[in-house]
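Colleague: I'd like to go through this one slowly, in plain language. Let's put it on the screen and start with the words we need.

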Amino acid sequence: MLNDRYQLLFRNLMGLYLNEGKPVGSTALARLPEVGLSSATVRNVMADLEQMGLIRSPHTSAGRVPTQKGYRFFVDSIATFKLPSEGYEASVRSALENDLNQDALLQSASRVLSGMTGMASLVLMPKKESEILKYIDFVPLSESRVLVLLVFNDRDAQNRIVELDRPFKPEELLKVSRFLNEHCSGKTLEQAREFLVSRMAQIRESANEQMLSVISATDRVLQNQSQQTLPFLVTGKTKLLNYQELADSERLKALFQAFDQHNNMLNLLDKSMQAKGVQVFIGNECGSDIYRDCSIITRPYEIDGETLGVLGVVGPSRMDYQKVVPKVDVTAKILESLLKK
């Protein structure tokens with residue numbers, strides 16, 4: 001714990017550094033009206049803060065900058081988080097309400113959050129295998145081309161066009177859809193596929209080639225659905241070019257490769273899935289030296305108590321946590337409310 005004087009100086013040092021990105025000297029702090037201390041007193045306090053490991057000097061006589069420990073102390077004990085402006089929630093809702101498809105909604109939420117924070121945004125997608133299959137239907141397009149319609153979790157519809165090996169009448173497709181809905185509705189995607197695979201041999205033995213052809217096509221659609229989504233999506237990567245501490249071409253190249261290869265990020269997002277509310281990971285806490293000058297802010301999103309994924313941002317450690325953390329929190333809450341629809 002820091003006494004009031006130490007907290008006052010540390011808070012103001014963080015404020016200057018987060019705003020300007022330059023090492024903060026004792027003279028600059030002493031000039032602030034709210035500090036009201038001599039330069040000598042400020043220097044002594046800064047020396048103590050450096051000894052505590054909260055700040056450091058990047059160069060001789062260059063002023064001080066926060067350490068990773070300093071950032072952590074600021075976020076946990078000093079920062080006062082400010083709710084976004086009244087128009088923020090309305091803007092986010094307006095940008096997302098037209099996305100009826102679950103995957104499109106999640107991608108849009110990541111894109112909107114990136115735009116609102118000026119940072120890269122990421123979203124951990126729900127595991128497709130755990131989606132509940134609610135309804136299957138077939139819409140004939142021609143004699144042998146059929147649109148397979150799948151409804152998941154009462155809120156996500158997907159469709160695929162398949163080619164069958166012979167013409168099918170609408171009443172035949174209706175018969176198959178009734179059979180599938182009777183036995184697969186309410187099952188997870190994985191359970192539905194297991195059921196279909198287990199029934200293939202039985203259907204083949206009964207010489208019911210009509211059902212076999214359509215069910216085989218449906219199984220291919222379910223398999224495609226379970227494999228189509230990447231573990232997580234990153235939006236707005238180029239926004240990181242705007243930050244001096246990340247703008248080195250080699251640093252950015254390594255960051256982008258880590259995003260594309262999912263290096264270490266999945267472990268961090270799994271931690272976020274197990275937590276409640278917003279989590280702030282700073283520097284090495286992100287799980288790799290690649291993120292040493294970065295912070296990652298995440299919040300899980302859920303429906304009816306079931307955690308589905310994670311929404312978050314990636315940016316420099318020198319970010320305005322007091323504004324960014326509430327934006328991540330509010331955007332995830334809006335996402336939850338729209339997913340429930």
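Modeller: Buried means under 20% relative accessible area, exposed means over 50%, and partly exposed is in between (1.4 Å probe, protein chains only). This is a predicted model, where local features need pLDDT of at least 70 and side-chain atom pairs count only at pLDDT 80 or more, while totals for chains, interfaces and linings use all residues. Residues are numbered from 1 along each chain as its sequence is written, and side-chain values use heavy atoms, with hydrogens and water left out.

Colleague: Let's try those words out. Is Arg-220 buried, exposed or partly exposed?

Modeller: Arg-220 is found in helix H9, residues 209–227 (helices are DSSP runs, H or I, of at least four residues, strands are E runs of at least two, and both are numbered from the N terminus). Its relative accessibility is 46%, so Arg-220 counts as partly exposed.

Colleague: And how far apart in space are Arg-220 and Val-162, C-alpha to C-alpha?

Modeller: Don't go by the numbering here. Arg-220 and Val-162 are 58 residues apart in sequence, but from C-alpha to C-alpha the gap in space is 9.1 Å.

Colleague: On to cysteines. How many disulfides does the structure hold?

Modeller: A disulfide is a pair of cysteine sulfur atoms within 2.5 Å. Cys-286 is in none, with its nearest cysteine sulfur, in Cys-294, 6.7 Å away. That is too far for a bond, so the sulfur of Cys-294 isn't joined to Cys-286. The disulfide count for the structure is zero.

Colleague: Is Cys-294 buried or exposed?

Modeller: Take Cys-286 to begin with: at 2% relative accessibility, that residue counts as buried. Cys-294 has a relative accessible area of 0%, so Cys-294 is buried.

Colleague: Which helix gives the largest share of the largest nonpolar core?

Modeller: A nonpolar core is a set of buried Ala, Val, Leu, Ile, Met, Phe, Trp, Tyr and Cys residues joined through side-chain atoms within 4.5 Å. The largest one has 58 residues, and among those with the most contacts inside it are Phe-10, Phe-74 and Tyr-321. Ten residues, the largest share of this core, come from residues 321–340, which form helix H12.

Colleague: How many residues are in the second, separate core?

Modeller: This core includes Phe-195, Met-200, Val-221 and Leu-222. Its residue count is 26.

Colleague: Back to H12. Which residue in the 320s does Tyr-321 touch?

Modeller: Contact means heavy atoms within 4.5 Å. Leaving out residues up to four places away in sequence, Tyr-321 touches several others, including Tyr-71, Phe-74, Phe-81 and Ile-297. Another residue on that list is Pro-326.

Colleague: How far apart in space are Pro-326 and Phe-81, C-alpha to C-alpha?

Modeller: Pro-326 sits in helix H12 and is buried, at 9% relative accessibility. Beyond its neighbours within four places, Pro-326 is in contact with Phe-81, Lys-82, Leu-83, Pro-84 and Tyr-321. Along the sequence Pro-326 and Phe-81 are 245 residues apart, yet in space their C-alpha separation is 6.6 Å.

Colleague: Now helix packing. Is the crossing of H1 and H4 left-handed or right-handed?

Modeller: H1 (residues 4–20) and H4 (residues 68–78) have axes 11 Å apart, at an angle of about 115 degrees (axes are lines fitted to C-alpha atoms, for helices over the stretch in contact, and angles run from 0 to 180 degrees between N-to-C directions). That makes H1 roughly perpendicular to H4 (65 to 115 degrees, with under 35 roughly parallel, over 145 roughly antiparallel and the rest oblique). A crossing is left-handed if the near helix is turned anticlockwise from the far one by less than a right angle, and right-handed if clockwise. For H1 and H4 the crossing is left-handed.

Colleague: At about what angle do H1 and H3 pack?

Modeller: Here Arg-5, Tyr-6, Leu-9, Phe-10 and Leu-13 of H1 meet residues of H3, including Val-42, Val-45 and Leu-49. H1 and H3 are roughly perpendicular to each other. Their axes are 10 Å apart, and the angle is about 85 degrees.

Colleague: Last one. What is phi of Asp-304 near?

Modeller: Asp-304 lies in the loop between strand E9 (294–303) and strand E10 (306–316), and is exposed, with a relative accessible area of 72%. Most residues other than glycine have a negative phi. Asp-304 has a positive phi, near 50 degrees.
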